[in-house]
Number of protein chains: 2
Amino acid sequence: MDSADIKLLKEGYLLAALSHQEFEEVLAHVSVFTLMQNECLFDQGDPATHFFFVLSGTVKLCRIAPSGEEKVMDLVRPGHYFAEAAMFMGGRYPVYARVLEPTRLAELDSKYFLGLLRSNTDLCMRLLSKMSQRIHGLVNEIDNLTLQSGAQRVIGYLLQQLPEGAVPPCVRLTVPKHVIASRLGIQPETLSRVLAKLRGKQLIDVHDDQIVFNDVDALRCLS
Amino acid sequence: MDSADIKLLKEGYLLAALSHQEFEEVLAHVSVFTLMQNECLFDQGDPATHFFFVLSGTVKLCRIAPSGEEKVMDLVRPGHYFAEAAMFMGGRYPVYARVLEPTRLAELDSKYFLGLLRSNTDLCMRLLSKMSQRIHGLVNEIDNLTLQSGAQRVIGYLLQQLPEGAVPPCVRLTVPKHVIASRLGIQPETLSRVLAKLRGKQLIDVHDDQIVFNDVDALRCLS
DNA sequence: GGCACGCCTTGATTTAAGTCAACCTGGCCT
DNA sequence: AGGCCAGGTTGACTTAAATCAAGGCGTGCC
């Protein structure tokens, strides 16, 4: 664990509220390791003994429905925590976690962290706020899934990925397209067709995983 | 505000962790009032100065999409809080709230309650747990909306409404059908057709808002 | 090299659900 | 009573997306 890792970890919202001393204590309870592509971190239904922070790479959180079909619930990128909700539940992981590429993770002990929370009210408040935001985000996602068409969801996703100052405006898809499709609740074929149609309208150019936006405003209108 | 109200309020998860004395203090900051059918409690975008608890009746939480379409996000029944997430955000209500029938509400001051939280860690922990559960619930709803058909969602909703020990197994729909349809992300016509089809298969009997289940196991298989 | 495999694309077809429209019913109003 | 309106149902039609099927293309491996 190098100093860049430590900086990243400290900036994550769960630990940002800690005093320097508290943070050092937490560090002593963190273990860092790397998983290879496609390795599984935990299975849906495993006891939630730990929660995690992504240092580099990408973690895919998936849920398997009773029917056997599976749905990508989240793609966790560097600088973000995951599985912390399961910690408060004190139960089991409601999803399984697999890495999409070689991924460095920090693993934190749930019991230890719960103890820490009990002794730090401010931290609690920040957490409450963060979790509200997450709820807000999920509510928005439900919006998207019910009130918007597949094409609108694709455009919304692309615009969301767009970095602020990019000139010309473009994005690089950092995960396979079929993963994006699942996240948007559509089939890979449909995603492919939507992109083809946008390309036909000259609104975007697609070269493999590079997407250039020719008319951001027009796209924004469509979403 | 009678003793039944007070009991209900105290059993709600937000206040359950309070000591008797703290609870009495909170009571002094609660105001109770009744809204008539279709009255609006707050609008989407209003500053989130209060959060609420339903003593009797039903509150509909709706979100209006940029396109102008609207979607029922939640139906809050007696014994449940709502708008507490907005309190932690410290911003504005992301939904509007309207009552579906004459409804008694308890209104709590956000600033006061935040102060209380700062002085009570246990309460924080309970809240964190509850909010995790809510997140869990929303994740499940996203499941439903993406990998289940409309018919499956309808069946799932009906089974969820089914009281434990009802013989014969039946439910009464306590809200208008078009509201249920919106909540399930389908059109009223589709809901009507799904129910008609289930009736055709002898799986249920429908008499207005009374629905009798003829074969719960078969339904469970279909969901 | 040549073959297999994963990922993506494209076309043809099917299906689920939305839309549009007509109609029925019961409650409510003057 | 008569008329009106909201809520619900049903039918015909349209549309969006899933499904099925084929083929392209790059990568890795024997």
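1. Before comparing the two protein chains, one definition helps: copies are superposed by least squares on the C-alpha atoms of residues with pLDDT of at least 70 in both. Please keep in mind throughout that this is a predicted model. With that in hand, chain A can be laid on chain B by a turn of 179 degrees and a shift of 0.0 Å along the axis, leaving an RMSD of 0.1 Å. The two copies are therefore related as by a two-fold rotation axis. The contact surface follows suit: 100% of the contact residues of chain A recur in chain B, so the same surface serves both copies.

2. A quick portrait of one chain may help you find your way. Chain A has 223 residues, of which 28% count as buried. Its secondary structure comes to 10 helices and 11 strands. The C-alpha trace of chain A spans about 55 × 45 × 35 Å along its principal axes. If you look at the contacts in chain A with a separation of 6 or more, 68% of them are between residues 24 or more positions apart.

3. Next, have a look at where the chains meet. Here 32 residues of chain A are in contact with 33 residues of chain B. On the side of chain A that touches chain B, the elements giving two or more residues are β5 (70-76), α4 (84-89), α5 (110-118) and α6 (121-147) of chain A. Which of these gives the most? That is α6(A), with 20 residues. By class, this side of chain A divides into 18 nonpolar, seven polar and seven charged residues.

4. Within chain A there is an open sheet that is worth tracing by eye. Four strands make it up, in the order β2-β7-β4-β5 (chain A), and the pairing is antiparallel. At its edges are β2 (40-42) and β5 of chain A, each of which pairs on one side only. From one strand to the next, the twist averages 30 degrees. Helix α8(A) packs on this sheet, where α8(A) touches β4 and β5 of chain A. The direction of α8(A) makes about 105 degrees with that of β5(A).

5. For a closer view of that sheet, follow one strand pair. Strand β4 (residues 59-64) of chain A pairs with strand β7 (residues 96-99) of chain A in the antiparallel sense, over four bridges. As a landmark, L61(A) has A97(A) as its bridge partner in β7(A).

6. Now for the DNA, beginning with strand C. There are 16 residues around DNA strand C, and those that come nearest are K177(A), S192(A), S149(B), G150(B) and T190(B). Two or more residues of this surface come from each of α8 (177-184) and α9 (188-200) of chain A, and likewise from α7 (150-161) and α9 (188-200) of chain B. With six residues, α9(A) gives the most to the surface near DNA strand C. That surface has six nonpolar, six polar and four charged residues.

7. Turn to DNA strand D, which 16 residues surround. The closest are S149(A), G150(A), T190(A), K177(B) and S192(B). Which elements each supply at least two residues of the surface near DNA strand D? They are α7 (150-161) and α9 of chain A, together with α8 (177-184) and α9 of chain B. The largest share, six residues, comes from α9(B). By class, the surface near DNA strand D has six nonpolar, six polar and four charged residues.

8. One residue from that last group makes a good stopping place. S192(B) is among the residues closest to DNA strand D, and its place is in helix α9 of chain B. Is S192(B) buried, exposed or in between? A residue is buried if 20 or more other C-beta atoms lie within 10 Å of its own, and exposed if 12 or fewer do. S192(B) has 15 C-beta neighbours inside 10 Å, so it counts as partly exposed. K177(B) is 15 residues away from S192(B) in sequence, and the two are 8.4 Å apart in space, C-alpha to C-alpha.

9. Finally, chain B offers an open sheet of three strands, with the order β9-β11-β10 (chain B) and antiparallel pairing. Its edge strands are β9 (170-172) and β10 (204-207) of chain B, each pairing on one side only. The twist here averages 15 degrees from one strand to the next. Four bridges join β10(B) to the antiparallel strand β11 (residues 210-213) of chain B. Among the residues involved, I204(B) has F213(B) as its bridge partner in β11(B).

Definitions and conventions. Residues numbered from 1 in each chain as written. Chains lettered and ligands numbered in written order. Predicted model: local features only at pLDDT ≥ 70, side-chain atom pairs only at ≥ 80, totals over all residues. Near = placed C-beta within 6 Å. Nonpolar A, V, L, I, M, F, W, Y, C, P; charged D, E, K, R; others polar. Contact = placed C-beta atoms within 7 Å. Pairing = 2+ DSSP bridges. Axes fitted to C-alpha atoms, helices over the stretch in contact; angles between N-to-C directions.
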